[in-house]
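Q: I'd like a close look at a single part of this model. Could you walk me through one helix and what it packs into?

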Amino acid sequence: MELTVWGIVTALIVGLIVGALGRLLVPGRQNMPMWLHMLIGVGAALLGTVLARAMGIATSTAGIDWGELLVQVVLAAIAVALVAGVGRRRSVTHR
């Protein structure tokens with residue numbers, strides 16, 4: 001796999017979309033900045049690609065690989081839920 005500038009830009013765009021979809025799948029309000037959702041999305045997109053290829057889900061097609069995208073979005077939703085949950089437990093409430 002050759003690493004090109006266009007490949008990096010594409011990975012970032014897909015990561016942003018995956019992060020947004022992951023945020024939409026998690027119920028409730030997440031008190032996280034948008035840049036953190038984007039960062040989670042990029043990480044989930046990269047990890048999802050590796051996992052999908054390892055499981056044999058990812059195929060070399062000219063269009064969108066829906067199985068790989070599903071793995072990426074599920075990973076992003078799990079990561080958003082975990083990070084939002086950790087942030088919720090750390091918050092201090094005043095009574």
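Let's start at its end: which residue follows α2, and what is the sign of its phi?

A: Bear in mind that this is a predicted model. The residue that comes after α2 is glycine 56, and its phi is positive, near 80°.

Now for the helix itself. α2 has 22 residues, which should span 32 Å at 1.5 Å a residue, and that agrees with the 31 Å between its end C-alpha atoms. The expected figure uses one less than the number of residues, so the 22 residues count as one fewer step.

As for what is tucked away, the buried residues of α2 are Leu36, His37, Ile40, Gly41, Val42, Ala44, Ala45, Gly48, Thr49 and Ala52. A helix has 3.6 residues a turn, so residues three or four places apart point the same way.

Two of those buried residues, Leu36 and Ile40, also belong to the largest nonpolar core, along with Val26, Met32, Ala77, Val80 and Ala84. That makes seven residues in all. Two elements, α2 (34-55) and α3 (66-90), each give two or more residues to this core, with α3 supplying the largest share, three residues.

Val80 is a handy place to see the packing. Apart from neighbours within four places in sequence, valine 80 contacts Ile40 and His37, and also Gly22, Arg23, Val26, Gln30 and Met32.

For contrast, take a look at α1 (residues 5-25), where you'll find valine 5. Valine 5 has a relative accessible area of 65%, so it is exposed. Together with Trp6, Val9, Ile13, Ile17, Leu21 and Leu24, Val5 forms a nonpolar surface patch with about 740 Å² of accessible area.

Note on methods
Residues numbered from 1 in each chain as written. Predicted model: local features only at pLDDT ≥ 70, side-chain atom pairs only at ≥ 80, totals over all residues. Heavy atoms only, no water. Patch = residues over 30% accessible without salt bridge, like charges linked within 9 Å, V, L, I, M, F, W, Y side chains within 5 Å. Areas by Shrake-Rupley, 256 points an atom, 1.4 Å probe, with all protein chains shown as cover. Salt bridge = Lys/Arg side-chain N within 4 Å of Asp/Glu carboxyl O. Helix = DSSP H or I, 4+ residues; strand = E, 2+ residues; numbered from the N terminus. Buried < 20%, exposed > 50% of the residue type's maximum accessible area, 1.4 Å probe, protein only. Core = buried A, V, L, I, M, F, W, Y, C linked by side-chain atoms within 4.5 Å. Contact = heavy atoms within 4.5 Å.
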